[in-house]
Amino acid sequence: MGLMALAAGAPSLAMRRAGCVLLIPARFEDACCRGQPLVRQFCAEHHREKGWIILLREKDLDSQTKLLTLEMTRLDSIGTSALKRHAISLFEAGQDSLVVDLHAVEFIDSSGLGILISLLKQVGTRGRLVICNLQPNVLNTFKLSRMDRVFSIQKSVDEAFESLER
Amino acid sequence: MTPKIAGTILLDCDIGEIRRASVWLLDGCNGMDPTRLAELELAVVEAVTNVIRHGNIGGMRQAIELQLARQENSVKVTIKDRGRSIPEAALCASESVLDFDPDDIFNLPERGLGLALIREAVDRVDYQAADGSNTLLLAKSW
């Protein structure tokens with residue numbers, strides 16, 4: 001059973017109210033990771049709350065703007081397809097603008113960049129996508145890929161939100 | 001100075017293995033400048049991901065061999081596999097994929113960034129494909 005096959009599992013209403021929207025049930029962790037010790041390690045890095053491993057938190061900053069806080073430490077080929085599906089579903093549901101908080105992300109590769117580029121295209125001219133709280137190595141990858149010229153990058157969630165209002 | 005082989009690891013052709021490659025690299029490069037090490041890690045992850053995603057022949061899960069060699073002021077990572085070679089067109093495209101117009105959002109590259117990032121992240125890249133075997137050498141000063 002694949003890791004992401006379980007990511008769409010339904011968390012409790014209380015967990016949803018707390019803004020935890022993309023989760024893996026911790027009790028399925030062994031099943032998710034069977035034969036893949038490093039995927040197990042990946043899961044172990046993540047926070048646990050009431051038996052769920054949280055990959056993403058979600059909060060409305062205003063009626064048009066949603067904050068997505070990634071809780072995953074690595075944005076690479078593993079475990080990112082559910083994140084992409086979820087974020088795209090927000091736009092399909094009429095979301096205008098997104099602030100993506102990458103504070104926990106220590107490593108990003110071309111797969112992770114590809115997801116953000118895909119989101120940027122989804123936003124298009126309808127709204128805006130701002131990313132913030134980039135760790136130095138993550139910012140360096142944006143510079144290496146020249147994506148620092150493409151994305152609006154802010155230091156904090158507050159600055160990101162303010163930049164949307166300008 | 002003759003390169004000192006610091007370690008070798010065999011990876012399964014499974015996407016979960018990229019994390020094992022990272023841990024192995026970080027262990028083997030202890031003491032390297034953190035920013036340069038992060039760039040080397042990026043290049044290795046991209047290279048291994050490429051082999052796993054695109055190099056598999058007919059679903060055969062060929063092993064990938066990584067070798068780390070340290071010199072006084074540099075480190076070399078050699079990645080060997082027996083899967084599909086990188087197409088010449090992809091190698092050529094990687095030279096220009098980052099020459100995009102940052103204002104033309106809808107034509108930004110979503111794929112093909114991996115090889116270009118490898119070029120940007122390390123000081124030297126050598127690639128050879130011969131006799132059913134592929135060898136990618138990544139070199140980075142310490």
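**Entry 1: A:S110**

I looked up the contacts of A:S110 in this predicted model. Leaving aside its neighbours within four places in sequence, I found A:S110 in contact with four residues of the other chain: B:E46, B:L113, B:G114 and B:L117. I then asked where A:S110 is placed, and found this residue in helix 5 of chain A. Is A:S110 buried or exposed? Its relative accessible area is 11%, and A:S110 is therefore recorded as buried, the limit being under 20%.

**Entry 2: A:I117**

I turned next to A:I117, which is also found in helix 5 of chain A. Its relative accessibility is 0%, so I entered A:I117 as buried. Which residues does A:I117 touch, if those up to four places away in sequence are not counted? In chain A, I listed A:M147 and A:F151. In chain B, I listed B:L108, B:P109, B:E110 and B:L113. B:L113 thus appears in my notes for A:I117 and in those for A:S110. I also looked up one distance: the C-alpha atoms of A:I117 and A:Q154 are separated by 17 Å, and these two residues are 37 residues apart along the chain.

**Entry 3: Chain B against chain A**

I then examined the interface as a whole. Contacts join 32 residues of chain B to 32 residues of chain A. The size of an interface is often given as the accessible area lost when the parts come together. For chain B and chain A, I noted a buried area of about 2,800 Å², with 61% of this given by carbon and sulfur atoms. On the chain B side, the residues that lose the most area to chain A are B:R19, B:F106 and B:E110, which together account for 25% of what that side buries.

How many salt bridges does the rule find across the interface of chain B and chain A? I recorded five. I looked up B:E110 again here: B:E110 forms a salt bridge with A:K121, and their closest N and O atoms are 3.0 Å apart.

**Entry 4: Helix 4 and helix 5 of chain A**

Last, I returned to helix 5 of chain A (residues 110–123) and looked up how helix 4 of chain A (residues 81–92) lies against it. The two axes come within 10 Å and cross at roughly 10°. The helices are therefore roughly parallel to each other, because the angle is under 35 degrees. Helix 4 contributes A:K84, A:A87, A:I88 and A:F91 to the contact, while helix 5 contributes A:I115, A:S118, A:L119, A:Q122 and A:V123. By class, I noted six nonpolar, two polar and one charged residues in this contact.

How values were computed
Residues are numbered from 1 along each chain as its sequence is written. Chains are lettered from A and ligands numbered from 1 in the order in which they are written. This is a predicted model: local features need pLDDT of at least 70, side-chain atom pairs count only at pLDDT 80 or more; totals for chains, interfaces and linings use all residues. Side-chain values use heavy atoms; hydrogens and water are left out. Axes are lines fitted to C-alpha atoms, for helices over the stretch in contact, and angles run from 0 to 180 degrees between N-to-C directions. Helices (H or I, at least four residues) and strands (E, at least two) are DSSP runs, numbered from the N terminus. Angles under 35 degrees count as roughly parallel, over 145 as roughly antiparallel, 65 to 115 as roughly perpendicular and the rest as oblique. Contact means heavy atoms within 4.5 Å. Ala, Val, Leu, Ile, Met, Phe, Trp, Tyr, Cys and Pro count as nonpolar, Asp, Glu, Lys and Arg as charged, and the others, Gly among them, as polar. Buried means under 20% relative accessible area, exposed over 50%, partly exposed in between (1.4 Å probe, protein chains only). Buried area is the accessible area (1.4 Å probe) that two parts lose on being put together, summed over both. A salt bridge is a side-chain nitrogen of Lys or Arg within 4 Å of a carboxyl oxygen of Asp or Glu.
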